[in-house]
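Q: I'd like a close look at one helix in this protein, with some of the surroundings to help me get my bearings. Could you walk me through it?

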Amino acid sequence: ISLMKMKMTEKVEEIPEDFQGFLNDLADREVENQFYSIARLTNIYWDDRYVMPTFEVKSKKDNSAYVNSFIAWRKGVHRSINSLVLVETQGEITHFIAKKSVRFATGKEIYESIGSIHPPRDVDENSQEYVQYLQQEFEKTLRLPNLRISRLINLGNIYPDVGMSDTIVKLIAIKIETGDINEIESYINGKRYNDKRYDCGFEIIPIGRLLKFLAETSDSFLLAIFGRLQALNVIKL
């Protein structure tokens with residue numbers, strides 16, 4: 001993020017209305033805790049996606065004053081859902097589906113979780129409407145016709161980078177059932193897409209290869225998802 005290319009203001013009122021998610025989070029932020037107190041908001045930098053508020057802060061430890069900041073997303077801390085698809089055959093988890101993408105930042109193809117899912121903020125996560133929304137999103141993303149979620153597993157939230165950002169990512173896993181694994185493989189394996197200006201595809205992987213997969217993957221979301229699935233006894237390593 002280049003500050004030279006970002007707009008800057010000292011007034012919250014000058015931030016565009018489509019940054020309402022960030023503005024709501026800023027209003028809810030506590031100004032004092034046992035470690036520091038926020039004296040004032042000094043300025044805000046922003047572009048079309050990111051916001052960087054800067055604050056004058058006072059230490060509770062030694063009474064010293066300093067400036068601190070963080071990177072936020074325009075839509076607020078709850079930016080997206082990252083997920084994993086588990087495939088059940090005859091009542092047992094036999095496979096999982098991972099995304100394989102060519103990412104510019106890494107300069108190579110990597111396995112990663114299935115993300116970029118943004119449910120409407122006003123949808124109750126315990127409602128059927130929420131499940132229906134996820135079904136539509138996964139069906140569209142995976143190109144799996146008539147996909148049905150047999151179980152939605154809430155794996156909680158994580159902070160991807162607490163040193164830089166207040167962003168929170170929600171983790172989930174879904175179970176889908178099939179009587180014929182070959183049918184799903186015919187839709188998944190070997191297909192390539194370019195939905196968001198990067199090449200990607202999906203791979204259906206036997207659960208017996210899970211340990212090898214975990215040893216090789218570098219995606220932090222996948223590792224967190226698998227760790228929490230094991231803690232919940234959904235899968236066993």
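To start, how many helices and strands are there in the chain? And then, which residues of helix α3 are buried, and what covers them?

A: Bear in mind that this is a predicted model. The chain has five helices and 12 strands, and its C-alpha trace spans about 65 × 40 × 35 Å along the principal axes. Of its 237 residues, 44% count as buried. If you take the contacts with a separation of 6 or more, 58% of them come from residues 24 or more positions apart.

Now for the helix. Helix α3 runs over residues 181-188, and its buried residues are I181, I184 and I188. They sit on the same side of α3, because they cover an arc of only 65° around the axis. The spacing fits a general rule: an α-helix has 3.6 residues a turn, so residues three or four places apart point the same way.

What lies over those isoleucines? The cover includes strands β6 (78-89), β7 (92-103), β11 (168-178) and β12 (200-206), along with helix α2 (128-142).

The two ends of α3 are worth a look too. At the N-terminal end, D180 acts as the cap, with a side-chain oxygen 3.1 Å from the backbone nitrogen of N182. Just past the helix, G190 takes a positive phi of about 85°.

That brings up backbone angles elsewhere. Most residues other than glycine have a negative phi. Two residues here go the other way without being glycine: S116, with a positive phi of about 60°, and N233, with one of about 65°. S116 lies in strand β9 (residues 114-117) and is partly exposed, at 35% relative accessible area. N233 is in the segment after α5 (220-231) and counts as exposed because its relative accessibility is 52%, over the 50% cut-off.

For a buried polar residue, try N43 in strand β2 (residues 36-46). N43 counts as buried because its 15% relative accessibility is under the 20% cut-off. Leaving out residues up to four places away in sequence, N43 touches M8, T9 and E10, plus M52, P53 and T54.

Last, the outside of the chain. About 14,100 Å² is exposed, and carbon and sulfur atoms supply 47% of that. The chain carries 31 positive and 34 negative charges, and their mean positions are 4 Å apart.

Methods:
Residues numbered from 1 in each chain as written. Predicted model: local features only at pLDDT ≥ 70, side-chain atom pairs only at ≥ 80, totals over all residues. Heavy atoms only, no water. Buried < 20%, exposed > 50% of the residue type's maximum accessible area, 1.4 Å probe, protein only. Helix = DSSP H or I, 4+ residues; strand = E, 2+ residues; numbered from the N terminus. Arc of directions from axis to C-beta. Contact = heavy atoms within 4.5 Å. Polar contact = N/O pair within 3.5 Å; in protein donor to acceptor, adjacent residues only side chain to side chain. Areas by Shrake-Rupley, 256 points an atom, 1.4 Å probe, with all protein chains shown as cover. Lys, Arg positive; Asp, Glu negative; His and termini not counted. Charge placed at Lys NZ, Arg CZ, Asp CG, Glu CD.
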